[in-house]
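Please look at the sequence and the three-dimensional structure shown below. The paragraphs that follow lead through its interior, its aromatic rings, its ligand and two of its loops.

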Amino acid sequence: MKIAVMGGDGFIGWPTSLHLSDAGHEVHILDNLSRRWIDTELGVQSLTPMDSIQERTRIWHAETGRRIYFNLIDLAKDYELLKKWLAEHRPDAIVHFAEQRAAPYSMKSDRHKNYTVNNNVSSTHNLLNALVELNLDAHLVHLGTMGVYGYSTVGAAIPEGYLPVGIETADGQTVSQEILYPANPGSIYHMTKCLDQLLFQFYAKNDGLRITDLHQGIVWGTHTEQTRRHEQLINRFDYDGDYGTVLNRFLIQAAIGYPLTVHGTGGQTRAFIHIQDSVRCIELALKNPPQRNARVEIFNQMTETHRVRDLAEMIAKISGAEIVRLPNPRKEAAENELIVKNDKFLGLGLDPITLKAGLLSEIVDVAKKYAYRVDRSRVPAVSAWTKDLAATVNHDPEGKRLKSVS
Ligand code: USQ
């Protein structure tokens with residue numbers, strides 16, 4: 001297949017591009033390199049040293065003889081350029097990662113809220129709009145989030161996208177329907193993914209577009225089979241308070257001797273998936289497109305659920321790290337239960353990689369190798385969900401410890 005990977009320079013976009021290229025597909029990356037600009041804005045860098053996208057694709061070609069093509073296009077702003085590229089290349093499938101993906105970044109200030117909404121909603125809409133305009137029947141696979149469902153305890157398993165409901169009619173009958181699971185976003189970022197769902201629903205119904213939405217959990221790990229092949233193919237690995245996600249942050253914190261930063265009681269239960277499984281799921285989704293005029297296909301792309309404090313304890317046990325409980329900068333349930341259905345990917349043959357001490361220690365070792373690149377002052381999560389919460393943020397979780405050491 002000819003596949004366009006929108007956002008193919010990012011944390012999952014890059015390993016996905018390699019995985020698909022390795023599987024024999026013709027891969028074209030479209031990316032505005034915003035993730036690199038945001039690193040510059042925040043004054044942080046990936047724990048792992050990353051080369052330019054042009055250099056990465058050159059190394060991939062030298063290693064495998066396969067080409068990955070790169071195009072500098074901003075989906076949210078360069079509509080005409082995007083349309084021109086799609087018209088010339090007419091890909092069979094499109095994987096859409098081209099969105100700002102960090103909840104804390106989206107909540108930093110009014111400017112970051114505006115940027116996240118404008119960027120994410122426009123990039124998705126521009127893509128859908130162009131497909132219709134060009135009469136292009138490419139299968140669109142979008143990286144959504146488990147966060148569209150919200151994290152309140154329901155006491156029932158979260159279905160894959162659609163909820164069966166009974167509606168009482170005027171004459172007292174009950175009719176059955178399946179509706180999109182009620183959206184319950186917990187951040188501006190998560191809200192944009194809820195808005196994406198509505199855009200997909202409309203374009204599938206109105207124009208018959210073939211769309212798959214992947215509701216992904218928190219990704220952990222950094223390497224995939226392909227990124228391991230060469231030092232310069234290495235994936236990015238975020239540790240900072242805005243872009244680092246919880247499990248990867250704990251692993252890096254363990255590696256650099258920083259206390260594991262648990263927000264609140266750590267009773268938040270979340271869904272997780274290893275990055276290797278993430279790229280496999282995307283390939284499975286590409287192989288199983290919905291029919292034209294069918295409703296949007298939705299998969300829950302996760303393999304297990306864990307409570308934040310249990311993760312911290314597991315990592316403390318294997319690494320000897322200490323744990324600190326911090327005031328939670330987010331407005332979220334302190335404790336929640338989470339049961340999630342993921343039968344569809346399992347049915348398509350996904351054999352999940354689950355959290356095991358051996359695998360976690362391996363990631364701590366990767367982190368130790370690059371520990372010299374960490375700026376410890378960028379570890380704390382200081383983006384607060386409300387002005388009141390901002391006043392409670394702990395800007396220096398290891399401060400006391402450092403003082404007692406000196
Ligand atoms: N947390 C801590 N300590 C930390 C960092 C986070 O206790 O140092 C807690 C947070 O308060 C939250 C949970 O861990 O309760 C998860 O936070 P996260 O930063 O790992 O994940 P989140 O902000 O939800 O976002 C990430 C990705 C996003 C993806 C989402 C999937 O950045 O792109 O959509 O995970 S999900 O969480 O399932 O919605």
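Helices are DSSP runs of H or I with at least four residues, and they are numbered from the N terminus. In this sense L86 is found in helix α4. The model under discussion is a predicted one. L86 is a suitable starting point. Is L86 buried or exposed? Residues with under 20% relative accessible area count as buried, and L86, with a relative accessible area of 0%, is therefore buried. Leaving out residues up to four places away in sequence, L86 touches M6, P91, I94, L127, A130, L134 and L136. One of these, L134, is 48 residues from L86 in sequence, yet the two C-alpha atoms are 8.0 Å apart in space.

The surroundings of L86 lead to the nonpolar interior. The largest nonpolar core has 40 residues, and those that touch the most other members are M6, L82, L86, I94, L127, L128 and I211. Two or more residues of this core are given by each of the elements β1 (2-6), α4 (79-89), α6 (110-133) and α7 (188-207). Which of the elements supplies the largest share? It is α7, with five residues. L127 shows how such a member is surrounded: when neighbours within four places in sequence are set aside, L127 is in contact with M6, L75, L82, L86, I94, H96 and L140. Apart from this core lies another, of 33 residues, which includes L251, A255, I256 and L355.

The aromatic rings come next. A pair of aromatic rings is described by the distance of the centres and the angle of the planes. In this model the count comes to five aromatic pairs. In one of them, the rings of F202 and Y203 have centres 5.3 Å apart and planes at 85°, so this pair is edge-to-face; the reasoning rests on a cut-off, since planes over 60 degrees apart count as edge-to-face. F202 is partly exposed, at 42% relative accessibility, whereas Y203 is buried, at 8%.

F299 and F345 form another pair. Why is this pair described as stacked? The ring centres of F299 and F345 are 4.3 Å apart and the planes stand at 20°, so the pair is stacked, because planes under 30 degrees apart are given that description. The pair links distant parts of the chain: F299 belongs to strand β12 (residues 297-301) and F345 to helix α11 (residues 343-347), with their positions 46 residues apart in sequence. F299 is buried, at 3% relative accessibility, and F345 is buried as well, with a relative accessible area of 1%.

Rings also gather in a cluster and lie beneath charged side chains. Y105, Y115 and Y243 form one aromatic cluster. Over the face of Y243 lies R35, at 3.5 Å from the ring centre. In a similar way, R295 lies over the face of Y162, at 3.7 Å from the ring centre.

The ligand is the next subject. How many residues surround the ligand? There are 23, and the closest are Y151, Y189, V246, T261 and E332. Several polar atoms lie beside oxygen atoms of the ligand. In the side chain of Y151, an N or O atom is 2.6 Å from a ligand oxygen. A polar side-chain atom of Y189 lies 2.7 Å from an oxygen atom of the ligand. R101 takes part through its backbone, of which an N or O atom lies 2.7 Å from a ligand oxygen.

T261, one of the closest residues to the ligand, is also touched by Q253. Q253 is found in helix α8 (residues 246-256) and is buried, with a relative accessible area of 2%. Beyond residues up to four places away in sequence, Q253 touches Y258, P259, L260, T261 and V379.

Finally, two loop residues deserve attention for their backbone angles. R90 has a phi near 35°, a positive value in a residue other than glycine. R90 is placed in the loop between α4 and β4 (93-96), and at 39% relative accessibility it counts as partly exposed. N135 likewise has a positive phi, of about 55°, although it is not a glycine. The loop that holds N135 lies between α6 and β5 (139-145). Is N135 buried or exposed? Exposed residues have over 50% relative accessible area, and N135, at 60%, is therefore exposed.

Key: Residues are numbered from 1 along each chain as its sequence is written. This is a predicted model: local features need pLDDT of at least 70, side-chain atom pairs count only at pLDDT 80 or more; totals for chains, interfaces and linings use all residues. Side-chain values use heavy atoms; hydrogens and water are left out. A nonpolar core is a set of buried Ala, Val, Leu, Ile, Met, Phe, Trp, Tyr and Cys residues joined through side-chain atoms within 4.5 Å. Buried means under 20% relative accessible area, exposed over 50%, partly exposed in between (1.4 Å probe, protein chains only). Contact means heavy atoms within 4.5 Å. Rings of Phe, Tyr and Trp (its six-membered ring) pair if their centres lie within 6.5 Å; planes under 30 degrees apart count as stacked, over 60 as edge-to-face and the rest as tilted. A charge sits over a ring if NZ of Lys or CZ of Arg is within 6 Å of the ring centre and within 35 degrees of the ring normal. A residue is near a molecule or strand if one of its heavy atoms lies within 4 Å of it. A polar contact is a pair of N or O atoms within 3.5 Å; within protein, one must be able to donate a hydrogen and the other to accept it, and residues adjacent in sequence count only if both atoms are side-chain atoms.
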